[in-house]
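This report walks through one protein model, from a single residue outwards to the fold as a whole. Please look over the sequence and the structure before reading on.

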Amino acid sequence: MESSSSPSSLDSEPLTQPLHDVLSNLHQRPYPHVPNPPNCKKRASVALILRVRPTYEHWPESSSQVPDSSATVQQRLDTFFAQSWVHNGQAEALFIKRASRVGDRWTGHVALPGGKRDPEDSDDRAAAIREASEEIGLDLTTEDCVYVGNLPERVVTTSLGTIPLMVLCPYVFLLTCSDSPTLKLQPTEVASTHWVPLKALLSSSLRTVEHVDMTQRLANMGGLMARIASRSLMGYMQFPAIRLAPTESLQSNTTPGLTPRDVQNQSLFQRLMSWGRSNPADQDIGTSRPLLLWGLTLGIMADFLDLLPPHTAVKLWHYPNFTAPDLRLLINILTYRLRKRNRRLVESGIRANNTAADGQTEAAPVTETPNDRGGSENNIGIEGLGVGQYYGPSDKGLNGSTYALEIMLRGYYDRLRVALYIFAAWRIALGSTAAFYAWKFLRRVR
């Protein structure tokens, strides 16, 4: 096991009491089931596994009370969080770093344990339990593990498109033991596991961006050279991310790719080909690359983190953009009034439906029906932004919250597409003008 200290800037006040309240609320108010859209049969599940790590000053005694497995979930939660070592402990979440696999769009990503639902799985939760057992060797059905509830299910779709890929179902589990569980990593699936404090995930100092090559995710760009040209024009797309600061990590000792790739002996042509084929995340999948939580997993965590104080997920969040300076400026100009209006709606607490999207996934419409949360039942399809619950001053749902990031993104990607068209025309006109004057200059020289 490898250990590292958590960021010193984090508040020393325990987070366990708010966590107790959040888990109780999740158990009492389950999120609605999201059916598969037409022509989309795939479903997948992930497990958000939480624990409380004891501190040196408040170490659990041998006589620590163990929650009775025959008691109700609420009673088990109350018994667990009533213990002194738990109240003063550090709440943490378990993440995995996926193993490197050619052709896998999730290769090397930080994620939650989980995967596709199989026909033998009795339900979506059973799929999450099975995947956790297969990927990291953790049994989520034992007496020292409490199934709490679910987070919003979402329809994951293609990049900037409307074709649904699957319905993703997140489930929350709490480990009630004080010792670190023994994990057995599946080397073909998992490169490493990492326990990360929830306070670190809430820290503004660890917010960063991830660069994504959108030429791989958009429509067919016409081959390698067309992709290189497109990337040269647009650069990479930037998405919100969190730099992880684990307190405990476990590496899979048989997983290839744990060290940076050796590119010293590659020719210039080979480096150009590698640059054209892959994105920055693929260039270095080893331990030297920072652990970044972004994309679909960040979206799931945002659902959960925004329930915890200081409820600043919306303030810390920023809009996706591109690295090309002129494209970035054009997007900022075209979306300025829209972003200002949407933020004003969020700050006023106006209620929206439970849908959000970003540049990697978009929500596919699902028929809306009333639900017990005071709103409408809809899909929550995202990858990278989250559907955090906004604590506005008015128009709250029955559980005291409204969704914010869907409002923030409303109409944003429509404007972004317009910006891309204008940008392409601008670059073509600029290139044509430059070529024309270069041709005239060469004629004069001759």
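Does glutamate 131 count as buried, partly exposed or exposed, and what is its relative accessibility?

## Glutamate 131 and its surroundings

In this predicted model, glutamate 131 has a relative accessibility of 10%, and because buried means under 20%, glutamate 131 counts as buried. This residue sits in helix α4, and once its neighbours within four places in sequence are set aside, glutamate 131 is in contact with Gly114, Gly115, Lys116 and Ile136. The side chain of glutamate 131 also meets that of arginine 130 in a salt bridge, with an N to O distance of 3.3 Å.

## The salt bridges around arginine 130

Arginine 130, which at 15% relative accessibility is likewise counted as buried, takes part in further pairings. One of them is with aspartate 118, where the side chains form a salt bridge at 3.3 Å from N to O. This pair links distant parts of the chain, since arginine 130 belongs to helix α4 (residues 124-136) whereas aspartate 118 lies in the loop between β5 (114-116) and α4, the two being 12 residues apart. Aspartate 118 has a relative accessibility of 22% and therefore counts as partly exposed, the upper limit for buried being under 20%.

Another salt bridge joins arginine 130 to glutamate 134, with 3.2 Å between N and O. Here both residues lie within helix α4, and their separation of 4 residues corresponds to about one turn of the helix. Glutamate 134, at 44% relative accessibility, counts as partly exposed. Taken as a group, Asp118, Asp121, Arg130, Glu131 and Glu134 are linked in a network of salt bridges, and the count of salt bridges comes to 13.

## Packing of helices α1 and α2

Two packed helices are described by the angle between their axes and the distance between the axes. For helix α1 (residues 16-28) and helix α2 (residues 73-81), the angle is about 175 degrees and the axes are 10 Å apart. Because an angle over 145 degrees counts as roughly antiparallel, α1 is roughly antiparallel to α2.

On the α1 side, the contact is made by Thr16, Leu19, His20, Leu23, Ser24, His27 and Gln28, and these meet Val73, Gln74, Leu77, Asp78 and Phe81 of α2. By residue class, this contact between α1 and α2 divides into 5 nonpolar, 6 polar and 1 charged.

## The annotated segment at residues 418-439

According to an unreviewed UniProt entry, residues 418-439 carry the annotation "transmembrane region". In the model, the chain over residues 418-439 is 100% helix and 0% strand, and the C-alpha atoms at the two ends of the segment are 32 Å apart.

## The protein as a whole

The protein has 13 helices and 18 strands, and of its 446 residues, 52% are buried. When contacts between residues at least 6 apart in sequence are considered, 79% of them join residues at least 24 apart.

Key:
Residues are numbered from 1 along each chain as its sequence is written. This is a predicted model: local features need pLDDT of at least 70, side-chain atom pairs count only at pLDDT 80 or more; totals for chains, interfaces and linings use all residues. Side-chain values use heavy atoms; hydrogens and water are left out. UniProt positions are given in the numbering used here, feature names are shortened, and annotations may be inferred rather than shown by experiment. A salt bridge is a side-chain nitrogen of Lys or Arg within 4 Å of a carboxyl oxygen of Asp or Glu. Buried means under 20% relative accessible area, exposed over 50%, partly exposed in between (1.4 Å probe, protein chains only). Axes are lines fitted to C-alpha atoms, for helices over the stretch in contact, and angles run from 0 to 180 degrees between N-to-C directions. Angles under 35 degrees count as roughly parallel, over 145 as roughly antiparallel, 65 to 115 as roughly perpendicular and the rest as oblique. Contact means heavy atoms within 4.5 Å. Ala, Val, Leu, Ile, Met, Phe, Trp, Tyr, Cys and Pro count as nonpolar, Asp, Glu, Lys and Arg as charged, and the others, Gly among them, as polar.
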